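I opened my notebook to look up how the parts of this model touch one another. Here is what I wrote down, entry by entry.

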Protein chains: 2
Amino acid sequence: MRIGELAERTGASVRSLRYYEEQGLLTSERSTSGQRHYPEEAVDRVALLRRLYGAGLTSRVITELLPCTYAPSIESSDDAFERMLTERAKLNAHIDELRTTLRALDEVISMNRRWRAENATDSATAS
Amino acid sequence: MRIGELAERTGASVRSLRYYEEQGLLTSERSTSGQRHYPEEAVDRVALLRRLYGAGLTSRVITELLPCTYAPSIESSDDAFERMLTERAKLNAHIDELRTTLRALDEVISMNRRWRAENATDSATAS
DNA sequence: CTTGCCTCTGACGTCAATGTGAGGTTTTAG
DNA sequence: CTAAAACCTCACATTGACGTCAGAGGCAAG
């Protein structure tokens, strides 16, 4: 498929797809005229990329993690494997952080809820 | 306390603290000479701000959410309350997304682990 | 062949949070 | 009193993942 279709099917913009390729995260075959063509799997690939981006991973980090899923090699594997575990741990920690934030937000919300209850005897009564 | 101490105690840079103030997220008393002075609570305040920033909320959104915790008013409250619930929901959804990403990453990791197991008969054997 | 849509490369624009530096004042330590 | 350290206000620079525009070519349909 061509880039437009891939964009439509993944929800990524055409610009983004070219950017991913530029970052070495996505490959494409080129037609003689230079147009990019992608296989079906590219859809999943892009989905994974978007997930990782969404998780706050940067292009550079993803670049260091994912090459091995395409062309595993002993050399790349050792480093990448370590990085993966590191990134997994970081992501896990981040999720915990977010849960803490969620609790903090809940607290703010319930503070506000209490305040509203106290002052809601009649909204027109407010100065 | 002055801005330097607040920075040190919160882990935020002096620049960031001034930025938070500029965004209306943090207030300070000024000495006659114009220097900022903060009360103890500012530490918690900044901690909360950093949490929300860390959760991906933007200044604008935080601005819309938090004023009511300082100076609650009927008018601000209604809107802000809605936004809070919305943001809470978004954060929750984001956490779910991240958990999915974590699973995806786990999958990549275990793929890699299997690959390593297969090809680890002897690392020197590799071409 | 031409009209219309898709694609190409390349380069500059954007946005948000923060870094950084200039140029000047204030506070603190000796 | 004086020098260092901290602070002040601009204001421009940076980074990352894109948006967007320009100028040019590719490709199916009428």
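Entry one, the contact between the protein chains. I looked up who takes part, and found 40 residues from chain A and 39 residues from chain B. Keep in mind that this model is predicted. The two chains bury about 3900 Å² between them, and carbon and sulfur atoms give 73% of that. On the side of chain A, I noted that Arg51(A), Phe81(A) and Leu98(A) lose the most area to chain B, together 15% of what that side buries.

Entry two, charges across the contact. How many salt bridges are there between chain A and chain B? I count four. One of them joins Arg51(B) to Glu97(A), with the closest N and O atoms 3.0 Å apart.

Entry three, where the chain A side comes from. Helix 3 (41–54), helix 5 (67–70) and helix 6 (74–118) of chain A each supply at least two residues. Helix 6 of chain A has the largest share, 27 residues. Sorted by class, this side of chain A holds 21 nonpolar, ten polar and nine charged residues.

Entry four, DNA strand D. I found 19 residues around this strand, and Ser13(A), Ser16(A), Ser59(A), Gly4(B) and Arg18(B) come nearest. Of the strand's atoms within 4 Å of the protein, sugar and phosphate account for 76%.

Entry five, single atoms at the DNA. The side chain of Arg15(A) has an N or O atom 3.1 Å from a base oxygen of DNA strand D. For Tyr19(A), a side-chain N or O atom is 2.9 Å from a phosphate oxygen of the strand. Helix 2 of chain A gives the most to this surface, four residues.

Note on methods. Residues are numbered from 1 along each chain as its sequence is written. Chains are lettered from A and ligands numbered from 1 in the order in which they are written. This is a predicted model: local features need pLDDT of at least 70, side-chain atom pairs count only at pLDDT 80 or more; totals for chains, interfaces and linings use all residues. Side-chain values use heavy atoms; hydrogens and water are left out. Contact means heavy atoms within 4.5 Å. Buried area is the accessible area (1.4 Å probe) that two parts lose on being put together, summed over both. A salt bridge is a side-chain nitrogen of Lys or Arg within 4 Å of a carboxyl oxygen of Asp or Glu. Ala, Val, Leu, Ile, Met, Phe, Trp, Tyr, Cys and Pro count as nonpolar, Asp, Glu, Lys and Arg as charged, and the others, Gly among them, as polar. A residue is near a molecule or strand if one of its heavy atoms lies within 4 Å of it. A polar contact is a pair of N or O atoms within 3.5 Å; within protein, one must be able to donate a hydrogen and the other to accept it, and residues adjacent in sequence count only if both atoms are side-chain atoms.
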